[in-house]
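Could you walk me through this structure, with an eye to its backbone details, one of its sheets and its internal cavities? I would like to follow along in the viewer as we go.

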Amino acid sequence: MRNPLADKAVRLKPSGIRKFFDVVNEMPDAISLGVGEPDFDTPWHIRDEGIYSLEKGRTFYTSNAGLKELKVEISRYLKRKLDVSYDYNKEVLVTVGGSEAIDIALRAMVNPGDEVLIPQPSYVSYEPCAILADGVPVIIDLKAENEFRLTAQELRDAVTEKTKVLILPFPNNPTGAIMERKDLEAIAEVIAEKDIFVISDEIYSELTYKGEHVSIVNMPGMQERTVLINGFSKSHAMTGWRLGYACGPAAVIQQMVKIHQYAIMCAPTTSQYAAVEALRNGDEDVAEMREAYNQRRRYLMHAFQKMGLECFEPYGAFYVFPCIKEFGMTSEEFATRFLEEEKVAVVPGTAFGESGEGFLRISYAYSLENLKKAIEKLEHFISRLRQEGEKQQ
């Protein structure tokens, strides 16, 4: 029988995050700090709006690009937050989470052989989506000494005549790194000079702990060459509602709508009505969750300092990325032993690219109580490793 499988699908690696998540599911007494999912329930008034939409029988398809009311609210939100204007009718598309938006943006923009620049460590979907779009992923290794920011020189060094798209993943998963205005101004010059396009994944934009979030679309000349991606999963604790959006030049959004139309039809109707309420009346919810995350972030940084574990201070998302190179183990070995010996799950940095070797991703989208238990176990584990190291000397 002929092989029914596509080569490029077979070559894709399974997610390194899910590997540890699956193991934890078989350990009922384990503490997981591995999955990037808010521990908050979706705020009640947002859930209530979803329920009301069902009670009113709003269970039909919306237009392919999304509910008009939601697209209008997205445009208003971006004007309010970033002071950028998007035509809701031509430049906004509602998607099934930010992940779908990444996928169809690449498929709409990339021709076979076009190079896609992907700074790493970063979200696990970028590289596979580039491959599935017949693009050629080109990895830019971000450095701890630069706080895992993308520098203009790193970008310039990676660009070739085949470069088409730069993925800009900030605030960053897994490192928690952010790009400040001066960083974005520097890379914007290279983007314009080299005539490349940007997919800016800003799903964590509301979770910034050092001033206000700044987007690449705020830089002169960048809005017309950028697809901005965002959503409701992280900011409004709506992961299971599966709702995101993409905003960008009308010519790109038009092609994305076409792919979305054939593959998806439209995003979930109930979720779209709930998202209208989230954007209209959800700012206080976001602020409360952000403050809780920031409290946890500060607790972890203090705990790492106390135990002598090296970690740069992240100012975005809900992750820390401590360095474990001193222990002479790979990230996978460290995470595996930590899980087996202390029953705490964290994610090896290599799940997010080879440049994540020597680091761990720890999510603080968990209660402070769970974090304290996990950190106590981490302190015991590290102390034991250091004692083992001293005996070997």
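What follows is a short tour of a sheet, some backbone features and the cavities.

Please keep in mind that this is a predicted model. A good place to begin is an open sheet of 3 strands, which has the order β9-β12-β11 and antiparallel pairing. Its edge strands are β9 and β11, each of which pairs on one side only. With the order in mind, let us take the neighbours of β12 in turn.

On one side, β9, covering residues 319-320, runs antiparallel to β12 and is joined to it by 2 bridges. To find this contact in the viewer, look for V320, whose bridge partner in β12 is I362. On the other side comes β11, residues 347-348, again joined to β12 by 2 bridges and again antiparallel. Here the pair to look for is P348, which stands opposite L360 of β12.

Now turn to β12 itself, residues 360-363, and follow its side chains. L360 and I362 point one way from the strand, while R361 and S363 point the other way. Are these residues buried or exposed? All of them are buried, R361 and S363 as well as L360 and I362. Buried here stands for under 20% relative accessible area.

Next come some backbone details that are easy to miss in a cartoon view. Most peptide bonds are trans, and most residues other than glycine have a negative phi, so departures from either habit deserve a look. The peptide bond from Q120 to P121 is cis, with omega near 5°. P121 sits in the loop between β3 (115-120) and α6 (126-132). Another cis peptide bond joins F170 and P171, where omega is about -10°. To locate P171, go to the loop that lies between β5 (163-168) and α8 (181-194).

Which value does phi take at D134? It is near 65°, a positive value in a residue other than glycine. D134 belongs to the loop between α6 and β4 (136-141), and D134 is partly exposed, with a relative accessible area of 39%. R242 also has a positive phi, near 50°, and it too is a residue other than glycine. Its place is the loop between β7 (226-231) and β8 (244-247). R242 is partly exposed, with a relative accessible area of 32%.

Finally, let us look at the empty space inside. How many cavities of 30 Å³ or more are there? The count comes to 3. The largest cavity holds about 50 Å³ of space. Its lining is made up of Y77, I203, S205, E206, N230, G231, F232, S235, H236, Y245 and L279. By character, the lining of the largest cavity divides into 5 nonpolar, 5 polar and 1 charged residues.

The second largest cavity holds about 40 Å³. Around it you will find E147, R149, G176, A177, I178, F312, E313, P314 and Y315. The lining of the second largest cavity divides into 5 nonpolar, 1 polar and 3 charged residues. Showing each set of lining residues as sticks makes for a pleasant last stop on the tour.

Methods
Residues are numbered from 1 along each chain as its sequence is written. This is a predicted model: local features need pLDDT of at least 70, side-chain atom pairs count only at pLDDT 80 or more; totals for chains, interfaces and linings use all residues. Side-chain values use heavy atoms; hydrogens and water are left out. Buried means under 20% relative accessible area, exposed over 50%, partly exposed in between (1.4 Å probe, protein chains only). Helices (H or I, at least four residues) and strands (E, at least two) are DSSP runs, numbered from the N terminus. Two strands pair if DSSP finds at least two bridges between them. On a 1 Å grid over the protein atoms alone, a cavity is a set of points where a 1.4 Å probe fits but cannot get out, and a pocket is an open set with protein on both sides within 12 Å along at least five of seven lines; lining residues have an atom within 4 Å of a point. Grid points are joined across faces, edges and corners, and a volume is the space filled by probe spheres set on the points. Ala, Val, Leu, Ile, Met, Phe, Trp, Tyr, Cys and Pro count as nonpolar, Asp, Glu, Lys and Arg as charged, and the others, Gly among them, as polar.
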